[in-house]
Every structure is written in C-alpha cells, then in structure tokens.
Amino acid sequence: MTIPEQIRPFVEPRSFTAIGVSRRTGPGTYNLLEHLVRYGYKGRVYPVNPNTSEILGIRTYPDVAAVPEVTDLALISLPRMSVLQAVKDCIEKGIKAIIIITQGFADADDEEGKQMQDEIVALARSTGTRILGPNTFGVANASLGFCTAYLPIPMEENGVGTISMTGATFIGLNDIRLVGKGIDVGDACDVDIVDCLEYFEQDDATRAIALHIEGMPDAKRFLEVVRRIALQKPVVALKTGRSVRSAQAVQSHTGALAGRDELWDVALREAGVIRVDDIEELADTLRAFLTLSAPRGNGIGVMTPTGGFGIIAADACEKFDLELVEFTDSTMVGLRALSPEWLGVGNPVDYFPGVSIMGHKREEMELAAMRLIMADERVDAVLGVMGAFGSELGDDLATMAREMARDFPDKPLVYFLYGPHFETVRAKLEATGTCLGFSSPERAVRALTHLRRRAMFLARHEPRRQGG
C-alpha cells in the first residue's frame, strides 16, 4: 500500500469509530458528534462510550469490539493512561488508521509520556497500523463535512491543503480559511509531514499546500519530497523556531527539534518552497497562488489617485525586488493625453489630476489609465491604489478587474485599498476571482514577488517538470 493510500482513510473516511465521546452536549461541551451533525458528515459514525446507549440520537457502543464494522478510522480522546489499551483494541479490531487526540506523550515533561508513546509506535508498526498524533486536532475535510477537532472549525472547499504541527491553523486566518483539507500531525509519532505531503501531491482538489513546521527529524527525506511536489503545485511554509527561545518552546510543544534556521532558509528556497515569516504573509501568499497568474518578469506599473501613496508603493516595489518600469513612448503619449500639461507623467501614474483638473469621470479615467499601463509591453504586473470611501467603488473595481483579466490574463492585478469601506470594496473586488485587495502596498507587492519567485523556480527546472 502506498503512502497516499495509507493517509487517505484519515482524510477521507467513509466510517469512523470515536472513542471517548462525551454524552454531554450543548454550548461549552466541545462535543465531536455535535460538530459532525452540524457539518453534515456523509460517512458512518460509531461512538464508543460504555456509560450511555445514545448521544444526540446516535447509537453508542460499549467498546470497540461491539462496533458492527471495521471502520476506516478510529479517534481516541481519552486520558493518556487509557490510550495504549484503546490502541490495542483498535488494532485487534483491524482498524488501520488511528488518531490520538490526547496530550501528554512526547510533548510531556516526564519520561512516562515518552515511554508510552514509544510503546504505541512499536505496537502500530508491528501491525501495519498508522497513527496520527498524539496531541493533535486530527484532520479536517470540507468536501466531506468531516473534522475531528473538539472546537467548531470553519471549513471551505477552497483548494488549500494544510499540514500543521498545531491545531490552531484549523481555525483559519483573518484573510483565508486553511481547510480545505487539513492535517495536524501533532507530536508526529508515526504519520509525519512528509507522509501528508505525499497525500496532497496526488489530491486533485488541493491546488496549494500550506505548511506549518516546527521541526523535522528527517530533513533529507522532507526536502526530496517537497522539491518534487513544488514542481507540481505551490508549497508555502511557515517555519517557526527561529530564535533560541522559540526553539526551546518547540521542544515543549511537540517534542520536535527545530534545527538551525539559516540552513532551513537556504534548503527551502532551493527546494522551491515559498518560506513566509508570519501568518499574515502565509495568508497573502496562499490567496495569491489561488487567484493570480504569475508575472512573466519583474516589471511593475503603479496607478494611484494620490502621489504620497504612490511613493509608498514605489518603496514597497524596491523592497521586494520588483522594478518600476519606464513606460514605452506610446504609453506615455496616451497618459499625457489624459493629464494636465503641467503634470509630470511617469510611473507611478497619478491619475487623479485627470479627474479634478481635466474633468474626466473618475471611473472612466481609472479604466483608461489602467488599460494603457496593462498594455505596456514592459509591464508584467500592476499595483493599483484606491481609497475605499464608498461601497460603490467595489462595483467599479470589480468591473475593471474582470476586463483586465479578460484582456491581459498573464498580467496579475492587485490593489492596495484603504478607507472606511475597505472590507466591502475588497469583498466585491475579490468576488471576481481575478484580483486581490490588500491593506498595505507592502503586502500586495510581497504577494506578487512570491508569485514571481515560484515562476523562476519552475523555469529553472522545466526539463524535470516535463520528465526530461
């Protein structure tokens, strides 16, 4: 059985046994069955609880042996002293995929937890059983309406596959939901990040992979596999444990070894992985890969209604290695025709004098200037700046974004949006599925840079991608 075939029952279970589900329901009880009912899980659930005959109208069973089928998956949420016996019961039943939610094993500050984990791993490996965890939220799969976390998790079929060493990623970030599909490897006593990568490699529903890495026991295997996958789909990694103190916290959290950060930086870059520094950058980069095409080069054009923010945008471009192009003569002729004679036209393009002085309608001026910039052969991507002072601006931007995507599909367009209607305008813009809005020019340009860096990685390895 291949590794993806071994991992599939964890993420796509048609049936599962839930050991240790509480009979208490309602707010604050963190009841797994209650969440599954709300998610609309499409598989068969067999709760094991010897103290009741049903929970939420679902029949329960006194022990694993009484469950009427050998399920694809078992979930164990018991005090740690009871976990080993539960694992034995599942193996005796013939269940080959087991999630251990319980904490207090390799992550514990005692030897007993580590010894118990070693026993569980030895038992599983002797029988061909795979273990996810301990100390994990488990898995989530939006398409199946399935999640093993004790908290209610917002899921969305958005093409993101997340592999994490913390269940906190299941909650999602401010700008994107990370499940999609998600696997929290926890202490990674058996199933590890590389196993999960191989699953997402063959998963057609996963268009971009998000990694949260605290440490890696077999870095060589990880880099070999992730390089292969990065040639097929984007891989974005948040590698934590940079400082000495945070590396110590990693050891306490999951028992992993963080490794030297400067070596990780080089290794991930050479493997084609986009490394990000924080969760904000993680969200921005994933959104970019899911929505935008990659720039063909480093040339960027900037369009702004305010010279001051145009300068800030220009600084962001330089910071992230994008080049403010000198427009071609034909582009300059067109921009000058839209502008007052006294205006020094260049890049960034300050279009608002064409509105306030020349009398052009705002939306017509924006569209005309944007089209000229997009059509310039030296421009590979465009950053727009817009004050979100009214919700109706979102409709105008959405119309323009659709036109630009239709006529210039290989030139990504992003916006720095600011003002009181930021959220509304951004939602309308991004509903087109062609453009993204950001809360700063730095975030917008950084996302474009990551797209460009991946494109350069793919270009360097084109023969390998084609099987040469």
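This is a short talk about one protein chain, its two open sheets, the helices beside them, and a few unusual spots in its loops.

Good morning, everyone. Please keep in mind throughout that what we are looking at is a predicted model. To begin with the whole chain, it has 468 residues, of which 56% count as buried, and its C-alpha trace spans about 85 × 45 × 45 Å along the principal axes. The chain is built with 17 helices and 20 strands. If we take contacts between residues at least 6 apart in sequence, 72% of them join residues at least 24 apart.

Let me turn to the sheets. Strands of a sheet pair through backbone hydrogen bonds, and the pairing can be parallel or antiparallel. One open sheet here has five strands in the order β2-β1-β5-β6-β7, with parallel pairing. Its edges are β2, residues 44–48, and β7, and each has a single partner strand, so one side of each is left without a neighbour in the sheet. From one strand to the next, the twist averages 20 degrees. Inside this sheet, β1, residues 15–19, runs parallel to β5, residues 73–76, and four bridges join them; as one example, Ile 19 has Ile 76 as its bridge partner in β5.

The other open sheet I want to show has seven strands, in the order β9-β8-β11-β10-β12-β13-β14, and here the pairing is mixed. The edge strands are β9, at 146–147, and β14, at 274–276, each of which pairs on one side only. At the β9 end, β8, residues 138–141, is joined to β9 by two bridges, and these two strands run antiparallel. Ala 140 has its bridge partner, Cys 147, in β9.

Which way do the residues of β13 point? In a regular strand, the side chains alternate between the two faces of the sheet. In β13, Val 235, Ala 237 and Lys 239 point one way, while Val 236 and Leu 238 point the other way, and all are buried. This strand has parallel pairing with β12 over five bridges, and Ile 209 stands opposite Val 235. To get from β12 to β13, the chain passes through helix α6, residues 219–230, in a β-α-β crossover that is right-handed. β13 also pairs with β14, again in the parallel sense, over three bridges, and there Val 236 has Ile 274 as its bridge partner. Helix α9, residues 279–291, lies across β10, β12, β13 and β14, and runs at about 145 degrees to β14.

Now to the interior. The largest nonpolar core has 60 residues, and those touching the most other members are Phe 10, Phe 16, Ile 193, Leu 197, Leu 211 and Phe 222. Helix α5, residues 193–201, gives the most to this core, namely six residues. Apart from this core lies another of 36 residues, among them Val 236, Leu 290, Leu 383 and Ala 447. Returning to Ile 193, and leaving aside residues up to four places away in sequence, we find that its contacts include Ile 163, Val 185, Leu 211 and Phe 222.

How many of the residues of α5 are buried? The count is nine of nine, and they include charged names such as Asp 195 and Glu 198 alongside Ile 193 and Leu 197. What covers them includes α1, β7, β10, β11, β12 and α6.

Two packed helices are described by the angle between their axes and the distance between the axes. For α1, residues 3–11, and α5, the axes come within 8 Å and cross at roughly 90 degrees. That makes α1 roughly perpendicular to α5. Ile 3, Pro 4, Ile 7, Arg 8 and Val 11 of α1 make the contact with Asp 195, Glu 198 and Tyr 199 of α5.

Finally, some details of the backbone. A cis peptide bond joins Gly 133 and Pro 134, with omega about -10 degrees, and Pro 134 lies in the loop between β7 and β8. Another cis peptide bond joins Asn 347 and Pro 348, with omega about 10 degrees, and Pro 348 is in the loop between α11 and β17. Leu 56, in the loop between β3 and β4, has a positive phi near 55 degrees although it is a residue other than glycine. Is Leu 56 buried or exposed? At 42% relative accessibility, Leu 56 counts as partly exposed. Asp 321 has a positive phi too, near 65 degrees, and sits in the loop between α10 and β16. Thank you for listening.

Note on methods: Residues numbered from 1 in each chain as written. Predicted model: local features only at pLDDT ≥ 70, side-chain atom pairs only at ≥ 80, totals over all residues. Heavy atoms only, no water. Pairing = 2+ DSSP bridges. Contact = heavy atoms within 4.5 Å. Axes fitted to C-alpha atoms, helices over the stretch in contact; angles between N-to-C directions. Core = buried A, V, L, I, M, F, W, Y, C linked by side-chain atoms within 4.5 Å. Buried < 20%, exposed > 50% of the residue type's maximum accessible area, 1.4 Å probe, protein only. Right-handed = clockwise from strand over helix to strand, strands pointing away. Parallel < 35°, antiparallel > 145°, perpendicular 65-115°, else oblique.
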